[in-house]
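I opened the model to look up its charged pairs, its aromatic rings and the packing of its helices. My notes follow in the order in which I checked them.

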Amino acid sequence: CQRVSANEKYRPLFLDRSRSTYIVDRLFRVESERRIPDIMQSTGLTRAQAERLLLFVIHGSFALNNSFGWQRSREWREMQDVLNRFTEGGFASLGER
């Protein structure tokens, strides 16, 4: 998502709200095959739970990036760090159970 949105040619697609659902659904399909088994293994969640958690992470990341207009500013980098720490902490907590 970040690599493609960084390309000026594709940024209008990411800013077009009418395409957001398609993009998020596509990201989910692309990432699911690799990420869901990883989530299940690291957290002990069922497949259905891991799918929903991945969907939450993708939607949240997309919304956050969209709120910054897909621009990689200093504030964006700081917020990405916050989001990464939040996500990693949540996954770690689930793995402790």
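I looked up Glu-78 before the rest: at 42% relative accessibility it counts as partly exposed, where buried means under 20% relative accessible area, exposed over 50% and partly exposed in between, with a 1.4 Å probe and protein chains only. The model is a predicted one, so I note that local features need pLDDT of at least 70 and side-chain atom pairs count only at pLDDT 80 or more, whereas totals for chains, interfaces and linings use all residues. Residues are numbered from 1 along each chain as its sequence is written, and side-chain values use heavy atoms, with hydrogens and water left out.

**Entry: salt bridges**

Which residue forms a salt bridge with Glu-78? I found Arg-74 there, with the closest N and O atoms 2.6 Å apart; a salt bridge is taken as a side-chain nitrogen of Lys or Arg within 4 Å of a carboxyl oxygen of Asp or Glu. Arg-74 is exposed, at a relative accessible area of 58%, and shares helix α5 with Glu-78, the two lying 4 residues apart, about one turn of the helix. For the helix labels, I note that helices (H or I, at least four residues) and strands (E, at least two) are DSSP runs, numbered from the N terminus.

In helix α5 I also looked at Arg-85 and Asp-81, whose side chains meet in a salt bridge at 3.1 Å, N to O. Because they are 4 residues apart in α5, about one helical turn separates them. Arg-85 is exposed at 51%, while Asp-81 is partly exposed at 40%.

In helix α4, Arg-47 and Glu-51 lie 4 residues apart, about one turn of the helix, and their side chains form a salt bridge of 3.4 Å, N to O. Both partners are partly exposed, Arg-47 at 43% and Glu-51 at 29%. I also noted a network of salt bridges that links Glu-31, Arg-34 and Arg-35; the count comes to 5 salt bridges.

**Entry: aromatic rings**

How many aromatic pairs are there? The count is 1, with rings of Phe, Tyr and Trp (its six-membered ring) pairing if their centres lie within 6.5 Å, and planes under 30 degrees apart counted as stacked, over 60 as edge-to-face and the rest as tilted. Phe-62 and Trp-70 form it edge-to-face, 5.0 Å centre to centre, with 65 degrees between the planes. Phe-62 is buried at 6%, and Trp-70 is buried at 3%.

**Entry: helix packing**

I then took the axes of α4 (residues 47–67) and α5 (residues 74–95), which come within 11 Å and cross at roughly 170 degrees. Axes are lines fitted to C-alpha atoms, for helices over the stretch in contact, and angles run from 0 to 180 degrees between N-to-C directions. That makes α4 roughly antiparallel to α5, given that angles under 35 degrees count as roughly parallel, over 145 as roughly antiparallel, 65 to 115 as roughly perpendicular and the rest as oblique. Among the contact residues are Leu-53, Val-57 and Leu-64 of α4 and Trp-76, Met-79 and Leu-83 of α5, contact meaning heavy atoms within 4.5 Å.

Helix α3 (residues 17–43) packs with α5 at an angle of about 55 degrees, with the axes 7 Å apart; the two are therefore oblique to each other. Here Ile-39, Ser-42 and Thr-43 of α3 meet Phe-91, Leu-94 and Gly-95 of α5.
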